[in-house]
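Biologist: I'm new to reading structures, so could we take a close look at just one part rather than everything at once? Please keep it friendly and walk me through it step by step.

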Amino acid sequence: MPPGGPYLTNGELNFIEQWIWQGAPETGTVADPIILNDMSIYEAPEFVALEPPINGIQYHIESFEVLPNTERELLYYVPPINGEVFINRVEISMAPGSHHFIAYSFSDDYSPPFGDNSAPNQYEYRDIHAPYAQGWDLAANLYDLNEHTFIFGTQWPFWDYSMPEGVALKFESEFGFDLNPHYFNYTNTSLQGEVYFNIHTLLPSEVEYEAGILQLAKTDISLPPNQETTLTKVFSASELLDNMNIEQPDGSTNLNIFQLFSHAHQLMTRFDILILQPNGDEELIYTALDYEHPPILELDPPLVIQPNQGLISRATYYNSTNNTVEFGLYSTNEMMIVFGLAYFD
């Protein structure tokens, strides 16, 4: 901040943060100017090469170049795992410059593009942005991106997350993972991307509840130039149940959400998640003020959604450009997604 430098000092960042938390008034003094004496500059966490898990599998996307003043987002297909596995912990470590990393599976009705009956080539970089891919290659990779099902992901450069005891996500697919790192490089020198992804597993006998994935998106986004826009989308309890990628067991009525986080791009200034009560009241449970590092809300005990409740996704954007910004894959487009993990009881 700003992209490519010169970068704000930690004192300047803290000063701005205090001003925001006090409501960002146009006049008056709400932050102590002595904060500005801190002239240190943010340094990205050291990139850590993860040790392979004792019970589980490690995936490693080896170093790849991100050219100056570009974004590079690619897909990296790894082969399927024999049989079903129950994942209860994930570790992700990314080299500096990352925007996100997502582990996808393919949808159940996936058919490869252009009549090809095979899965993507294993362990190859399949870019989804120019100038790294062009023509039919780019079209095929974008097609695959639209055939994905979200499994795990983060925008944090290092993430180590364990599910509650006895809860695990079952993964079984005729296709493997399609791994998706996304890097920004708005500097004048190249940088190197690299990712480690560990999945830790349980034995089936150790699993009490099977977790499912929530992916709640609003894609009809249109942000007029040079103004603030707030978008809201309401998800009823029945829509949440339909969104889950696992079947609701007979006799279960409650959806237990134990993780929530948001995803948006650089024009987002605030992202809230709220519970919609039966009487119409709204209860705030989550706020993100940083699009690059949205907090990951871990709920223990889980948030229980009753049949007469719902969730609200509400995001505010300030479009400082002279162009209308719509939904899209680039950082210069926008997104509005809530991800979560939950189980039925």
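In what order do the five strands of the open sheet sit, and is their pairing parallel or antiparallel?

Modeller: Happy to! Keep in mind that this is a predicted model. The five strands sit in the order 5-2-9-4-6, and their pairing is antiparallel. Strand 5 and strand 6 (148-154) are the edge strands, each pairing on one side only. From one strand to the next, the twist averages 30°.

Let's move in from the edge. Strand 2 pairs with strand 9 (residues 178-185) in the antiparallel sense, and six bridges hold the count for that pair. If you want one spot to click on, try Tyr77: Asp178 in strand 9 is its bridge partner.

Now look at what lies across the sheet. Helix 2 (residues 135-145) lies across strand 2, strand 4 (98-106), strand 5 and strand 6. Helix 2 runs at about 95° to strand 5. On the way from strand 5 to helix 2 there is a loop, and Pro131 is found in it. The peptide bond joining Ala130 and Pro131 is cis, with omega about 5°.

Two other loops beside these strands hold a backbone oddity. Asn69 isn't a glycine, yet it has a positive phi of about 55°. You'll find Asn69 in the loop between strand 1 and strand 2, and it counts as partly exposed because its relative accessibility is 44%. Tyr123 also has a positive phi, near 55°, and is a residue other than glycine. Tyr123 is in the loop between strand 4 and strand 5; at 48% relative accessibility, Tyr123 counts as partly exposed too.

Next, a side-chain link inside the sheet. Asp127 and Arg72 form a salt bridge, with their closest N and O atoms 2.8 Å apart. Asp127 belongs to strand 5 (residues 125-127) and Arg72 to strand 2 (residues 70-77), so the pair ties together parts that are 55 residues apart in sequence. Are these two charged residues buried or exposed? The cut-off for buried is under 20% relative accessible area. Asp127 has 5% relative accessibility, so it counts as buried. Arg72, at 11%, counts as buried as well.

For a comparison, let's step away from the sheet to strand 3 and strand 7. They pair in the antiparallel sense over five bridges. Here Glu91 stands opposite Asp160 in strand 7. A salt bridge also forms between Arg89 and Asp160, where the closest N and O atoms are 2.8 Å apart. Arg89 lies in strand 3 (residues 85-94) and Asp160 in strand 7 (residues 158-162), so this pair ties together parts 71 residues apart in sequence. Arg89 is partly exposed at 26% relative accessibility, and Asp160 is partly exposed with a relative accessible area of 35%. Arg89, Glu91 and Asp160 are linked in a network of salt bridges.

Strand 7 is also a nice place to see a rule at work. In a regular strand, side chains alternate between the two faces of the sheet. Along strand 7, Trp159 and Tyr161 point to one face and are buried. Phe158, Asp160 and Ser162 point to the other face and are not buried.

There is also an open sheet of four strands, in the order 13-18-15-16, again with antiparallel pairing. Its edge strands are strand 13 (227-236) and strand 16 (282-288), each pairing on one side only. Neighbouring strands in this four-stranded sheet are turned by 20° against each other on average, direction ignored. Strand 15 (residues 268-276) and strand 18 (residues 310-319) run antiparallel and are joined by eight bridges. Among the partners there, Phe271 has Ala315 in strand 18 as its bridge partner.

One more salt bridge to find: Asp272 with Arg270, whose closest N and O atoms are 2.9 Å apart. Asp272 counts as buried because its relative accessibility is 11%, whereas Arg270 is partly exposed at 35%.

So, back to your sheet. When you turn the model, find the order 5-2-9-4-6, then look for helix 2 lying across strand 5, and finish on the salt bridge between Asp127 and Arg72.

Conventions: Residues are numbered from 1 along each chain as its sequence is written. This is a predicted model: local features need pLDDT of at least 70, side-chain atom pairs count only at pLDDT 80 or more; totals for chains, interfaces and linings use all residues. Side-chain values use heavy atoms; hydrogens and water are left out. A salt bridge is a side-chain nitrogen of Lys or Arg within 4 Å of a carboxyl oxygen of Asp or Glu. Buried means under 20% relative accessible area, exposed over 50%, partly exposed in between (1.4 Å probe, protein chains only). Two strands pair if DSSP finds at least two bridges between them. Axes are lines fitted to C-alpha atoms, for helices over the stretch in contact, and angles run from 0 to 180 degrees between N-to-C directions. Contact means heavy atoms within 4.5 Å.
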